[in-house]
Amino acid sequence: MFSTKYLYILFALLMPCIAFESLDLKCEVCCRLVEEIQRNVSSVEAANIVQVSNFRLDGNGDQIKQTVPLARTQLYLTEVMDSVCEKMNDYVRATYKKNGTLTVMPLILDGKMNPLMSEVDVVQDSDLNKSLQYFCEEIVDDIEEDLINIIKSEDDDHLVHSICTNVMHLCPIKNNKVEL
């Protein structure tokens with residue numbers, strides 16, 4: 001009974017740390033997810049365009065048709081959403097040696113070992129980083145329509161911030177104030 005009490009106290013003290021790390025990890029996964037989607041969208045040549053239409057008719061009885069880049073179509077983006085989380089198998093959880101900040105990063109970039117690997121300590125976990133794919137799939141399942149609509153809007157400048165901070169509320173809002 002004496003040791004059980006200490007076990008409960010230890011668990012109560014460690015629980016906030018575990019939850020905090022989980023939120024940081026989800027933020028990192030969300031950022032990498034959006035970057036992967038952007039990489040997929042930008043890899044499609046701009047010359048690839050598709051004519052899309054809906055079921056509405058104009059005043060003459062003709063279907064209204066638009067020409068849009070292939071990478072911004074609903075079908076293409078849905079296919080990307082279905083396969084993007086599989087790429088999380090190529091990512092690892094790590095902490096920077098300088099400050100201990102958590103990061104999620106790819107092992108391989110452009111066919112070569114990621115040059116940042118010397119600046120981090122890889123975090124070994126029991127699930128072999130399968131949680132990265134799980135968190136990714138959870139995010140995609142929660143907001144797939146929002147992701148597609150935001151990406152279709154063609155505003156790529158602040159896409160990571162828009163999705164991971166404003167829509168999912170996974171990443172903290174950064175204060176951009178300059179200290180004097």
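In this predicted model, the hairpin of β3 and β4 has 5 residues between its strands, and G100 takes a positive phi near 75° there. Strand β3 covers residues 91-96 and is joined to β4 by 5 bridges, the two strands running antiparallel. Two facing pairs can be named. T95 stands opposite L102 in β4, and Y91 stands opposite P106 in β4.

**The sheet around the hairpin**

The hairpin strands belong to an open sheet of 3 strands, ordered β4-β3-β7, with antiparallel pairing. β4 (102-106) and β7 (120-122) are the edge strands; each has a single partner strand, so one side of each is left without a neighbour in the sheet. On average, neighbouring strands of this sheet are turned by 45° against each other, direction ignored.

How many residues of β4 are buried? The count is 5 of its 5 residues, so to describe the strand as mostly covered is in order. The side chains divide between two directions: L102, V104 and P106 point one way from β4, while T103 and M105 point the other way, and all are buried.

**Helix α2**

Helix α2 spans residues 74-83, and its buried residues include Y76, L77, V80 and M81. Why do the buried residues of α2 line one face of the helix? Seen down the axis of α2, they fall within an arc of 140°, so they line one face. An α-helix has 3.6 residues a turn, so residues three or four places apart point the same way. On the other side of α2, L75 and D82 are exposed.

**Helices α3 and α4**

Helix α3 takes in residues 130-152 and helix α4 residues 159-167; their axes come within 11 Å and cross at roughly 150°. Angles over 145 degrees count as roughly antiparallel, and α3 and α4 are therefore roughly antiparallel to each other. The crossing in which α3 passes α4 is right-handed.

Which residues meet where α3 and α4 pass? From α3 they are I143, D146, L147, I150 and I151, and from α4 they are L159, I163 and V167. The buried residues of α4 are L159, S162, I163, C164 and T165. L159 and I163 thus appear both among the residues that meet α3 and among the buried residues of α4.

T165, a residue of helix α4, has 7% relative accessibility and counts as buried. Leaving aside its neighbours within four places in sequence, T165 is in contact with V160, C171, P172 and I173. After α4 comes H169, whose phi is positive, near 60°.

**Three residues by accessibility**

The table sets T165 beside V52 and Y134.

| Residue | Element | Relative accessibility | Class |
|---|---|---|---|
| V52 | strand β1 (residues 49-57) | 29% | partly exposed |
| Y134 | helix α3 | 52% | exposed |
| T165 | helix α4 | 7% | buried |

V52 is in strand β1. Apart from its neighbours within four places in sequence, V52 is in contact with I64, K65, Q66, V68 and T73. The C-alpha atoms of V52 and Q63 are separated by 10.0 Å, and these residues are 11 residues apart along the chain.

Is Y134 of helix α3 buried or exposed? Exposed means over 50% relative accessible area, and Y134 is exposed because its relative accessible area is 52%. Y134 and C85 are 49 residues apart along the chain, and their C-alpha atoms are separated by 8.1 Å.

**The chain as a whole**

The protein chain holds 4 helices and 7 strands. From the N terminus on, the elements run α-β-β-α-β-β-β-β-β-α-α. Of the 180 residues of the chain, 33% count as buried. Among contacts in the chain with a separation of 6 or more, residues 24 or more positions apart account for 61%.

Conventions: Residues are numbered from 1 along each chain as its sequence is written. This is a predicted model: local features need pLDDT of at least 70, side-chain atom pairs count only at pLDDT 80 or more; totals for chains, interfaces and linings use all residues. Side-chain values use heavy atoms; hydrogens and water are left out. Buried means under 20% relative accessible area, exposed over 50%, partly exposed in between (1.4 Å probe, protein chains only). The arc is that of the directions from the helix axis to the C-beta atoms. Two strands pair if DSSP finds at least two bridges between them. Axes are lines fitted to C-alpha atoms, for helices over the stretch in contact, and angles run from 0 to 180 degrees between N-to-C directions. Contact means heavy atoms within 4.5 Å. Angles under 35 degrees count as roughly parallel, over 145 as roughly antiparallel, 65 to 115 as roughly perpendicular and the rest as oblique. A crossing is left-handed if the near helix is turned anticlockwise from the far one by less than a right angle, and right-handed if clockwise.
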